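Grab a pencil and try these short exercises. Each one sets a task and then walks through a solution, step by step.

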Amino acid sequence: MATGFRRRKVVIPPGGRRCFDEDEWAGALVCVAAGVVELVCSTGEAPRYGRGALLWLTGLPVEFLRNPGDEDVVVYAVSRVSASAG
């Protein structure tokens, strides 16, 4: 990965979920690498995104990410590292 960028891998097992902290995902481009992820929102909506989907989660009313499938969900988040971050 090029200097100045941070990449994080998140794996959610089948039937699992991960609480959403907007600060963790702020400014990150998110790619679904495997499986189908469901974004459960405070509005009651729960859109699903599969392999190859690119997402921008900043500002969305997401409460948690859920794996409705029978295989691991793997997502990568790529964000810039600010010069002041050291």
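**Exercise 1: a salt bridge**

What kind of link do the side chains of Glu38 and Arg66 meet in? Keep in mind as you look that this is a predicted model.

*Solution.*
Step 1. Find the two side chains: they meet in a salt bridge, with 2.6 Å from N to O. That fits the rule, which asks for a Lys or Arg side-chain nitrogen within 4 Å of an Asp or Glu carboxyl oxygen.
Step 2. Place them. Glu38 belongs to strand 4 and Arg66 to strand 7, so this pair ties together parts that lie 28 residues apart in sequence.
Step 3. Check how covered they are. Glu38 counts as buried, with 6% relative accessibility, because the cut-off for buried is under 20%. Arg66 is partly exposed, at 30%.

**Exercise 2: extend the network**

Which residue is linked with Glu38 and Arg66 in a network of salt bridges?

*Solution.*
Step 1. Look for a partner of Glu38. Arg48 forms a salt bridge with Glu38, and their closest N and O atoms are 3.0 Å apart.
Step 2. See what this pair joins. Arg48 sits in strand 5 (residues 48–50) and Glu38 in strand 4, so parts 10 residues apart in sequence are tied together.
Step 3. Check the surface. Arg48 is exposed, its relative accessible area being 53%.
Step 4. Put it together: Glu38, Arg48 and Arg66 form a linked network of salt bridges.
Step 5. Count up. The total comes to 3 salt bridges. Among them is the one between Arg18 and Glu24, whose closest N and O atoms are 2.3 Å apart. Arg18 is partly exposed at 29%, and Glu24 is partly exposed at 27%.

**Exercise 3: a loop residue with a busy side chain**

Is Asn67 buried or exposed? Work out where Asn67 sits and which atoms its side chain reaches.

*Solution.*
Step 1. Locate Asn67: it's in the loop between strand 7 (62–66) and strand 8 (73–80).
Step 2. Read the accessibility. With 1% relative accessibility, Asn67 counts as buried.
Step 3. Follow the side chain. It reaches the backbone nitrogen of Gly69 at 2.8 Å. A polar atom of the Asn67 side chain also lies 2.7 Å from the backbone oxygen of Glu71.
Step 4. Look further along the chain. Setting aside residues up to four places away in sequence, Asn67 touches Ile12, Pro13, Pro14, Gly15, Gly16, Val36, Asp72 and Val73.

**Exercise 4: into the core**

Which residues touch the most other members of the largest nonpolar core?

*Solution.*
Step 1. Start with a general idea: nonpolar side chains tend to be buried together in soluble globular proteins.
Step 2. Go to the core. It has 18 residues, and the ones touching the most other members are Trp25, Val30, Leu57, Leu65 and Val75.
Step 3. Ask which elements supply it. Two or more residues each come from strand 1 (5–12), strand 3 (29–34), strand 4 (36–41), strand 7 and strand 8.
Step 4. Zoom in on Val30. Leaving out neighbours within four places in sequence, Val30 is in contact with Trp25, Ala53, Leu54, Leu55, Leu57, Val75, Tyr76 and Ala77.

**Exercise 5: nonpolar on the outside**

Which residues make a nonpolar surface patch of about 340 Å²?

*Solution.*
Step 1. Pick out the members: Leu29, Leu54 and Trp56.
Step 2. Take Leu54, which lies in strand 6 (residues 54–56).
Step 3. Check its accessibility. Leu54 is exposed because its relative accessible area is 56%, and exposed means over 50%.

**Exercise 6: from Pro47 to Cys41 and beyond**

Where is Pro47 found, and which residues does Cys41 contact?

*Solution.*
Step 1. Pro47 is in the loop between strand 4 and strand 5, and it is partly exposed at 29%.
Step 2. Beyond four places in sequence, Pro47 touches Val37, Glu38, Leu39 and Cys41.
Step 3. Move to Cys41, which lies in strand 4 and is buried at 12%.
Step 4. Outside its neighbours within four places in sequence, Cys41 is in contact with Pro47, Pro61, Val62 and Glu63.
Step 5. Compare sequence with space: Cys41 and Val62 are 21 residues apart in sequence, but their C-alpha atoms are 4.2 Å apart.

Definitions and conventions
Residues numbered from 1 in each chain as written. Predicted model: local features only at pLDDT ≥ 70, side-chain atom pairs only at ≥ 80, totals over all residues. Heavy atoms only, no water. Patch = residues over 30% accessible without salt bridge, like charges linked within 9 Å, V, L, I, M, F, W, Y side chains within 5 Å. Areas by Shrake-Rupley, 256 points an atom, 1.4 Å probe, with all protein chains shown as cover. Helix = DSSP H or I, 4+ residues; strand = E, 2+ residues; numbered from the N terminus. Buried < 20%, exposed > 50% of the residue type's maximum accessible area, 1.4 Å probe, protein only. Polar contact = N/O pair within 3.5 Å; in protein donor to acceptor, adjacent residues only side chain to side chain. Contact = heavy atoms within 4.5 Å. Core = buried A, V, L, I, M, F, W, Y, C linked by side-chain atoms within 4.5 Å.
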